[in-house]
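Biologist: Hello! Could you take a close look at one part of this model with me, and then lead me on from there to its surroundings?

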Amino acid sequence: MSLTQIRNQINALRRKFAFPLIVLRLRRIADKFCDEWADAQDHRKPTPAPLTLARQLIKNNLRLHNFSSMLHYLERCRNTKTKPQTHEIITWILPNPAHKPTIQAILCANF
């Protein structure tokens, strides 16, 4: 096997696993944010600002195509005093309906 063939296979694997890796990275950040939100509500402190989540996403080199949708979701959670859910945050960030089964499968798996 030549070096070019190996490089092509590696690039194919990168393309294949790019989206699942993004979802896993989003899951870690969204879980942390939801935990902070729940702790703040339990201790009757102000909930974290949605911009802190945006900063974490940008810091981890994740693109924010639908930040406004996620912001509306978090504002609804704040107004109704409910805790945001990790899968909802990820679904609002990655709203493509074709990705929903993949997102659900990744979130159901324990990594």
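In which loop does Asn 61 lie?

Modeller: Happy to help! This is a predicted model, in which local features need pLDDT of at least 70 and side-chain atom pairs count only at pLDDT 80 or more, while totals for chains, interfaces and linings use all residues. Residues are numbered from 1 along each chain as its sequence is written, and side-chain values use heavy atoms, with hydrogens and water left out.

Asn 61 lies in the loop between α2 and α3 (67-80). Helices here are DSSP runs of H or I with at least four residues, numbered from the N terminus. The phi of Asn 61 is near 60°, a positive value in a residue other than glycine. Most residues other than glycine have a negative phi. Asn 61 is exposed, at 68% relative accessibility (exposed means over 50% relative accessible area, buried under 20%, and partly exposed in between, with a 1.4 Å probe and protein chains only).

Arg 44 makes a good companion to Asn 61. Its phi is near 55°, a positive value in a residue other than glycine. Arg 44 is found in the loop between α1 (3-42) and α2 (50-59), and this residue is exposed, with a relative accessible area of 79%.

Next, the cysteines. The whole structure holds 0 disulfides (a disulfide being a pair of cysteine sulfur atoms within 2.5 Å). For Cys 34, the nearest cysteine sulfur is that of Cys 77, 8.1 Å away. Cys 34 counts as buried, at 8% relative accessibility. For Cys 108, the nearest cysteine sulfur is that of Cys 34, 16 Å away; Cys 108 is exposed, with a relative accessible area of 62%.

Cys 108 brings us to α5, which spans residues 100-108. Helix α4 (residues 86-93) packs with α5 at an angle of about 150°, their axes 11 Å apart. That angle makes α4 roughly antiparallel to α5 (over 145 degrees counts as roughly antiparallel, under 35 as roughly parallel, 65 to 115 as roughly perpendicular and the rest as oblique). Axes are lines fitted to C-alpha atoms, for helices over the stretch in contact, and angles run from 0 to 180 degrees between N-to-C directions.

In this pairing, His 87, Ile 90 and Thr 91 of α4 meet Lys 100, Ile 103, Gln 104 and Leu 107 of α5, contact meaning heavy atoms within 4.5 Å. The contact residues divide into 3 nonpolar, 3 polar and 1 charged (Ala, Val, Leu, Ile, Met, Phe, Trp, Tyr, Cys and Pro count as nonpolar, Asp, Glu, Lys and Arg as charged, and the others, Gly among them, as polar).

Notes: Helices (H or I, at least four residues) and strands (E, at least two) are DSSP runs, numbered from the N terminus.
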